[in-house]
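Dear colleague,

I am passing on the structure we spoke about, together with my notes on it. Please look through the model below before reading on.

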Amino acid sequence: MNPPGYAMALRIGLFYAAMYVGTGVSMTWISVWFLHRGLTGPEIGVILAAPMLGRVAASPLLAVWADGFRYRRTGLAIMAAGALAAFVLLGLTSGFWAAFVFWFISGVLVASLSPLTDVIALRRGRLDGFPYALPRGVGSAAYIIGNVGGGAVISRLSPDWVLYWTILSAVATLMVALWLLPPEPTHPEGEPSASAVRWRGLGALLRDPVFMLAILSAGLINAAHAYYYAFSTVLWLKQGLSPLMTGVLWAVGVVAEILYFWLAEPWRRRMGPERLVIYGGLGALIRWTALAFAPPLWLLFPLQALHAASFSTTFLGSLQLVERLSPPSNASAAQTLNASFSSGLLIGLATLVSGWLYASVGSAGYFVMAAMSALGLAGAVKLRQVLASRG
């Protein structure tokens, strides 16, 4: 890779890092913060699920809206500013409904940033000669800082620092969007198309059965992380693990993710995206089944390393499938639809159920996530058969 390629990868990587250093704290510790604020497990499940479900409609709307700007970074900066305002208001208010509203707004906006950034990273990677996994891995490294740093800060100070850290991350995300993201044109071929044309492209994707099978199969596997994201921290603390060790366990998963992003490129190219989703489904099925038995600490480490399969393999496979199965003019809408289903509708429903599972069955709730992984795996196998029949 030439020096300009490294520089571009770093600039995009810093945007991922600014986002994920906050997500690493909020995703891991926000349930602890909500408990600290007096909310119950079922209430937390509803609050966490709401923006995930809302993304199904909101994220495609935001993608079509963002495609109306000349540069992709413009929409990203505006969404980062909106998320920052919502985080601040979340801290200034109290009670279930205030938490619901402001977490919903911030969650929808933050979650919509990533797929739109993926479009930039995938295109610049092709033009400048760097793999997408390079800047994305920088973001994953920042996620570890959020995991471990958040655990260390909370154990020494208070859960209030979950929100303080998240606010600082939103500030950094806004600054990087304004000053470091490249002025990547939204429509390199010319001026932005009319909104009606963009909406027709979105509708065509929704009517494509193969495209929908791809995003639903990968989405079920990714959405099976819902119980882990929402309640693994609380479950591990109840098992007697310290906040710092809990952060370390989360970090193990992300270290495995980073190593996979940075070192497994030749293997990924040989396997192809369809097989990647299948392998991700197998890894998820093993991981959630084992966690349902509340295993001891020594076994949690290899199970966390399976994050490289359950998440990373599935995620990269789905990105490549979506890019292959959608026209370039619909790249934003396609990636956003993919994220809306996997990190929106499906994971939102699973998170909604997770609040009840946590209150009712504890660690056994992971069995439901294993069942979701099995469904996604079956869909991925069917998808491979369909694509193979096409030649």
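Phenylalanine 104 has a relative accessibility of 29%, which places this residue in the partly exposed class. Please keep in mind throughout that the coordinates come from a predicted model.

Phenylalanine 104 is best read together with phenylalanine 100, which is likewise partly exposed, at 22% relative accessibility. The two residues sit four positions apart in helix α4 (residues 96–128), so about one helical turn separates them. A second pair of this kind is formed by phenylalanine 311 and phenylalanine 315, whose rings are stacked with 5.3 Å from centre to centre and 15° between their planes. Phenylalanine 311 and phenylalanine 315 are also four residues apart, in this case in helix α14 (residues 307–325), and therefore about one helical turn lies between them. Both of these residues, phenylalanine 311 and phenylalanine 315, are buried.

How many aromatic pairs are there by this rule? The count comes to 23 aromatic pairs. For phenylalanine 100 and phenylalanine 104, the ring centres are 6.5 Å apart and the planes meet at 10°, so this pair is stacked. Ring pairs also join Tyr227, Tyr228, Tyr229, Phe231, Trp236, Trp250, Trp288, Tyr358 and Tyr366 into a cluster. One member of that cluster, tyrosine 228, has arginine 287 over its face, at 4.5 Å from the ring centre. Elsewhere, arginine 73 lies over the face of tyrosine 71, where the distance to the ring centre is 5.9 Å.

Turning to the chain as a whole, the protein chain contains 16 helices and zero strands. Its radius of gyration is 20 Å, close to the 21 Å that the globule rule gives for 391 residues, so the chain is as compact as a globular protein of that length. The C-alpha trace spans about 55 × 45 × 40 Å along its principal axes, and 58% of the 391 residues count as buried. Among contacts with a separation of 6 or more, 85% are accounted for by residues 24 or more positions apart.

Two helices deserve a description of their own. Helix α8 (residues 209–223) consists of 15 residues, and the distance from its first C-alpha to its last is 20 Å, close to the 21 Å expected at 1.5 Å a residue. Twelve of the 15 residues of α8 are buried, so the helix is largely enclosed by the rest of the structure; among them are Val210, Phe211, Met212, Ile215, Leu220 and Asn222. At the N-terminal end of α8, aspartate 208 acts as a cap, with a side-chain oxygen 3.1 Å from the backbone nitrogen of valine 210.

Helix α12 (residues 273–291) has 19 residues, which at 1.5 Å a residue should span 27 Å, and its end C-alpha atoms are indeed 27 Å apart. Its buried residues include Glu274, Leu276, Val277, Ile278, Gly280, Arg287 and Trp288. Of these, Trp288 also belongs to the aromatic cluster, while arginine 287 is the residue that lies over the face of tyrosine 228.

Proline 273 is also found in α12, and at 4% relative accessibility this proline counts as buried. Apart from residues up to four places away in sequence, proline 273 touches Gly317, Gln320, Leu321 and Arg324. The C-alpha atom of proline 273 is separated by 23 Å from that of alanine 111, and the two residues are 162 residues apart along the chain.

Is alanine 294, in the loop between α12 and α13 (297–305), buried, partly exposed or exposed? With a relative accessible area of 35%, alanine 294 is partly exposed. Its phi angle is near 50°, which is a positive value in a residue other than glycine.

Finally, serine 31 is found in helix α1 (residues 3–36) and counts as buried, at 2% relative accessibility. The side chain of serine 31 reaches the backbone oxygen of alanine 230 at 3.4 Å. Once neighbours within four places in sequence are left aside, serine 31 is in contact with Ile44, Ala230 and Val234.

With best regards

Terms used: Residues are numbered from 1 along each chain as its sequence is written. This is a predicted model: local features need pLDDT of at least 70, side-chain atom pairs count only at pLDDT 80 or more; totals for chains, interfaces and linings use all residues. Side-chain values use heavy atoms; hydrogens and water are left out. The expected span of a helix is 1.5 Å times one less than its number of residues. Buried means under 20% relative accessible area, exposed over 50%, partly exposed in between (1.4 Å probe, protein chains only). A polar contact is a pair of N or O atoms within 3.5 Å; within protein, one must be able to donate a hydrogen and the other to accept it, and residues adjacent in sequence count only if both atoms are side-chain atoms. Rings of Phe, Tyr and Trp (its six-membered ring) pair if their centres lie within 6.5 Å; planes under 30 degrees apart count as stacked, over 60 as edge-to-face and the rest as tilted. A charge sits over a ring if NZ of Lys or CZ of Arg is within 6 Å of the ring centre and within 35 degrees of the ring normal. The radius of gyration is taken over C-alpha atoms; the globule rule is 2.2 Å times the number of residues to the power 0.38. Contact means heavy atoms within 4.5 Å.
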